[in-house]
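Me: I would like to learn how to read a few features of a protein model. Could we go through them one at a time?

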Amino acid sequence: MRVLGVDPGLTRCGIGVVEGIGGRPLRMLGVGVVRTPADALISDRLVLIERGIEEWLDAHRPEFVAVERVFSQHNVRTVMGTAQASAVAMLCAARRGLPVALHTPSEVKAAVTGSGRADKAQVGAMVTRLLRLDAPPRPADAADALALAICHIWRAPAQNRLQQAVAAHRTLGSPRSTKGRMS
C-alpha cells in the first residue's frame, strides 16, 4: 500500500509518501513541504498548494491519501487556513479517484507513538525510527505527514473490515418495508 500523507497548512503543507503493509517494515518514498508566502492572497496560496500536491501525486502515484482531520482550535484564522489546505488535498485526490482518509492528530500520535498526547519531538523520533531514517524529517510538518501515512497503513485494514461489517449489517439486518403491500 502506498499512501500520501498530508499535514495541511497554508504556510507549510507537509507531504510524505510511505509504502508498506501493517506488520512489515515501512519505506519512505519521499518527504517535503509545499510552502506559500504568508503575504500572498489566500486564493493564490491555495493554487500553490494544489500545484504542489498535484506534483507529488504525479511523482509518487499513491493508492490512498491520508489527511489530518481539522480540529477546533482557539485561533479561528489558523483553523480556517488549515481547513482550506485540507480541502485542496481532498479535492486533488478526489479528481484522481483516490480514496481519502481523515485522521485526527490524537489518532496519528497514538498510532505512531502509543500516546495520543505525544509532542512533536516524540512523533518525529518515532517516524525516524519506524522508517529507519538517519534524522527526523524537518520541519515538523514533514514528519507529521509521514506519521499520517504510517497511521493510515496501520489502521486501514481494521477500518476496511469495520466498514464492510457495517455495510453487511445494514444489508442483512435492515427490515424490508412492507408498507403498501397487501397481505
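Reply: We will take cysteines, a helix pair, one residue in a helix and one residue in a loop. Keep in mind that this is a predicted model.

Me: How many disulfides are there?

Reply: A disulfide is a covalent bond between the sulfur atoms of two cysteines. In this model the count is 0. For Cys13, the nearest cysteine sulfur belongs to Cys92 and is 9.4 Å away.

Me: Why is the sulfur of Cys92 not bonded to that of Cys13?

Reply: The two sulfur atoms would have to be within 2.5 Å to count as a disulfide. The sulfur of Cys92 has its closest cysteine sulfur in Cys13, and 9.4 Å is too far for a bond.

Me: Is Cys13 buried or exposed? And what about Cys92?

Reply: The cut-off for buried is under 20% relative accessible area. Cys13 has a relative accessible area of 0%, so it is buried. Cys92 is also buried, with 0% relative accessibility.

Me: Now the helices. How do I describe the way H1 and H2 cross?

Reply: Two packed helices are described by the angle between their axes and the distance between the axes. Here H1 covers residues 42-60, and H2 covers residues 76-95. Their axes come within 9 Å and cross at roughly 40 degrees. The two helices are therefore oblique to each other. Their crossing is right-handed.

Me: Which residues of H1 and H2 meet?

Reply: On the H1 side they include Ile42, Leu46, Ile49 and Glu54. On the H2 side, Val88, Ala89, Cys92 and Arg95 are among them.

Me: Glu54 is in that list. Is Glu54 buried or exposed?

Reply: Glu54 lies in H1 and is buried, with a relative accessible area of 16%.

Me: What does Glu54 touch?

Reply: Leaving aside residues up to four places away in sequence, Glu54 touches Cys92, Arg95 and Arg96. With Arg95 there is also a polar contact between the two side chains, at 3.4 Å.

Me: Last, a loop residue. Where is Ile21?

Reply: Ile21 sits in the loop between strand S2 (12-19) and strand S3 (27-35). Its relative accessibility is 43%, so Ile21 counts as partly exposed.

Me: How far apart are Ile21 and Ile153?

Reply: That depends on whether one asks about sequence or space. In sequence, Ile21 and Ile153 are 132 residues apart, while in space their C-alpha atoms are 6.1 Å apart. Ile21 touches Ile153, and also Met1 and Leu26, not counting residues up to four places away in sequence.

Note on methods. Residues numbered from 1 in each chain as written. Predicted model: local features only at pLDDT ≥ 70, side-chain atom pairs only at ≥ 80, totals over all residues. Heavy atoms only, no water. Buried < 20%, exposed > 50% of the residue type's maximum accessible area, 1.4 Å probe, protein only. Helix = DSSP H or I, 4+ residues; strand = E, 2+ residues; numbered from the N terminus. Polar contact = N/O pair within 3.5 Å; in protein donor to acceptor, adjacent residues only side chain to side chain. Contact = heavy atoms within 4.5 Å. Axes fitted to C-alpha atoms, helices over the stretch in contact; angles between N-to-C directions. Parallel < 35°, antiparallel > 145°, perpendicular 65-115°, else oblique. Left-handed = near helix turned anticlockwise from the far one by under 90°.
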